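Here is a short tour of one protein chain, going from its overall make-up to its sheets, cores and charged pairs. Keep the structure open beside the text and follow along.

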Amino acid sequence: MVPAPARGSSRWGAASSWTMLAALAGALAAAPALAQNFPITPGQRSTAEQVAQAGVPLSELAPNAPEEYTVKRGDTLWAISGMFLKTPWRWPELWGMNMEEVRNPHRIYPGQQLFLEKLNGRALLRMRASTDSSQPPTDTIRVSPRTRIESLPDASIPTLQLAAIEAFLAEPLIIDEKTLLAAPRIVAAPADRVLITRGDRAYARGIAATPMMQRVSGREDDYRIFRNAQPLRDPVTKAVLGYEAQYLGKAALVRNESSESVKTSSGKEETLPVPATIDIVSAKEEMRVGDRLLPEPPREFLNYVPHAPGNTIRGTIVSIHGNAVALAGQNSVVVINKGTMDGIEMGHVLVIQKEGERRTDTSQPGERSVIKLPNERNGLLMVFRPFEKLSYGLVLEMNDAVKIGDAVVNPR
C-alpha cells in the first residue's frame, strides 16, 4: 500500500522516449503482489552508463528485427531480446538508460512501445510511453492534496517465464553432504498415522551437537521438509558434488527439543531425549518418519541479467529434473556440474553442445579410420540458481533433445 504524493509534481516510473531498461528487468520470485523496488547493482549501473551511448553494431541485430514493437501481456524480456538480437543475452548492450529519468530500470510494462534507433552503424532500443491506461503513468502528473491508498500490482514483464523456475527459487533442492548429515529428521508421527500431511503434528530431532531450537525466543520457526537426497556425481571424476532432494512441504517448530528424567521399571531414573514438536503447515506430498528438515532461508528478491561468463566455462549436464526423465526440452530445468566456486553467477548464459558422433572415414579407398565429428551447438541455457559446485539452469533454446552428458560452454 502506498500513499499518493502531495500536491506538486512527481514521477511515477518516469520514462521518456529517450529512456529504456539498462541492465535488467526484475524477475519476481516468491514476492508479494505489491510492486517491489528491486535494487540496481553497481555492475548493472556501470553497464547502463557504458552502453547508453554505445548500443550494438547493426550486424548484431536479428535479420528480421522489427523497427518497433508494442509489449504485450505474456511477453518476456528474453523473447523480446531474441526478436531484436542474434544473441539475446547481449540485450543490456542494446538498451540505453537515462539515469536522471528512470530511477528503477527494472520495469517494462505491456503497452509500452519499443523502437530501434540506428545511428553511425550502431543501434539502440528506445521506449515510448505506455498507451495502456491500466499501467503506471510515465509522465508528470499533478494530484489533489489528499491521501489516497491503493495497492499497486506488479504488472511488469519478467526476464523469463517464472512458472518454469518458481519452485526452484523457493525450495532448497541441492544441498551438500555436511548439511545433509546435520539436517534434523522426523522421528515420530501421531499414533494413528503412518503418513503425515498438512494440519498434522509430528516430532523431530537434530543431531546431538545441534538440537532443534527456536532461533528467536517466543517465535515459531519455519522449516522445509525433504526426502530422497540423491547424489549428483561429476561425470568424469565420479565425485559427489551435492545432493538433490525432493521437496515435500513446510513445518513450524512449536516446541524445542529437550530431555526429561523418567523412572524405569526397576525404579531407577533415566534421562531420555524429548524430540521437538512441529506442525505441518503446508504439504506438496505426504511425509513420513525419516524425512529431513532444513531451516527456511531468508526471502530473496531475485533479478537476472542474462550475460556471458567472464571466465572460461566448460561443464556438463549431470541431471534433468523430473522423475525418470532422460531427455530435456525447452523450458526444462537441468543441473550442471559448475557452481559459484567455478565463477558461475545467476544470469550466466551457456551454450549447450551436442557431442559429435564417432564415424568411420571411408573417403579413401582401402583405408578405414575412426573419426569424431565436432561438437555442435544445440541450444542455450541460463543459470538461475547457482550453488557451490552445481547450478540449476533453464533450457531457453534447443535444436534437438538435450541429454545428460551434453557439454555446456561459453557463448560466442
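The protein has five helices and 27 strands, where helices (H or I, at least four residues) and strands (E, at least two) are DSSP runs, numbered from the N terminus. This is a predicted model, in which local features need pLDDT of at least 70 and side-chain atom pairs count only at pLDDT 80 or more, while totals for chains, interfaces and linings use all residues. Residues are numbered from 1 along each chain as its sequence is written, and side-chain values use heavy atoms, with hydrogens and water left out.

Of the 412 residues, 43% count as buried; buried means under 20% relative accessible area, exposed over 50%, and partly exposed in between (1.4 Å probe, protein chains only). Contacts here mean heavy atoms within 4.5 Å. Among those between residues at least 6 apart in sequence, 73% join residues at least 24 apart.

**Sheets and hairpins**

Let us begin with an open sheet of four strands, in the order β3-β6-β5-β4 with antiparallel pairing. At its edges stand β3 (56–57) and β4 (68–70), each with a single partner strand, so one side of each has no neighbour in the sheet. Strands count as paired if DSSP finds at least two bridges between them. Within this sheet, β5 (residues 113–119) and β6 (residues 122–128) run antiparallel and are joined by seven bridges. One of the bridge pairs is Leu 114 with Met 127 in β6.

Strand β6 also holds Arg 126, which counts as buried at 8% relative accessibility. What does the side chain of Arg 126 make a polar contact with? Its partner is the side chain of Glu 117, at 3.5 Å. A polar contact is a pair of N or O atoms within 3.5 Å; within protein, one must be able to donate a hydrogen and the other to accept it, and residues adjacent in sequence count only if both atoms are side-chain atoms.

Further along the chain, six bridges join the antiparallel strands β14 (residues 258–263) and β15 (residues 269–274). Lys 263 has Glu 269 in β15 as its bridge partner. The two strands, β14 and β15, form a hairpin with five residues between them, and Gly 267 in the turn has a positive phi of about 95°.

**A helix with a buried side**

In helix α2 (residues 77–84), the buried residues include Leu 77, Trp 78, Ile 80, Ser 81 and Phe 84. They lie on the same side of α2, because they cover an arc of only 160° around the axis; the arc is that of the directions from the helix axis to the C-beta atoms.

**Nonpolar cores**

A nonpolar core is a set of buried Ala, Val, Leu, Ile, Met, Phe, Trp, Tyr and Cys residues joined through side-chain atoms within 4.5 Å. The largest has 23 residues, and those with the most contacts inside it are Ile 174, Val 333, Val 335, Phe 384, Leu 390 and Tyr 392. At least two residues of this core come from each of β13 (240–255), β20 (333–336), β21, β24 (376–386) and β25 (391–398). A second, separate core of 19 residues includes Val 56, Tyr 69, Val 71 and Ile 108.

Tyr 392 is a good residue to click on: not counting residues up to four places away in sequence, the residues it touches include Phe 168, Ile 174, Glu 244, Val 335, Phe 384 and Arg 385.

**Salt bridges**

How many salt bridges are there? The count comes to 12, taking a salt bridge as a side-chain nitrogen of Lys or Arg within 4 Å of a carboxyl oxygen of Asp or Glu. Three of the pairs are set out below.

| Pair | N to O distance | Relative accessibility |
|---|---|---|
| Arg 227 – Asp 291 | 2.7 Å | Arg 227 10%, Asp 291 3% |
| Glu 355 – Lys 372 | 3.6 Å | Glu 355 46%, Lys 372 42% |
| Lys 403 – Asp 406 | 3.2 Å | Lys 403 34%, Asp 406 1% |

The Arg 227 and Asp 291 pair links distant parts of the chain, 64 residues apart: Arg 227 is in strand β12 (residues 221–233), and Asp 291 is in the loop between β16 (276–283) and β17 (292–295). Arg 227 counts as buried, and so does Asp 291.

By contrast, Glu 355 is partly exposed, as is Lys 372. The Lys 403 and Asp 406 pair is mixed, with Lys 403 partly exposed and Asp 406 buried. Finally, salt bridges also link Arg 224, Lys 250 and Glu 296 in a network.
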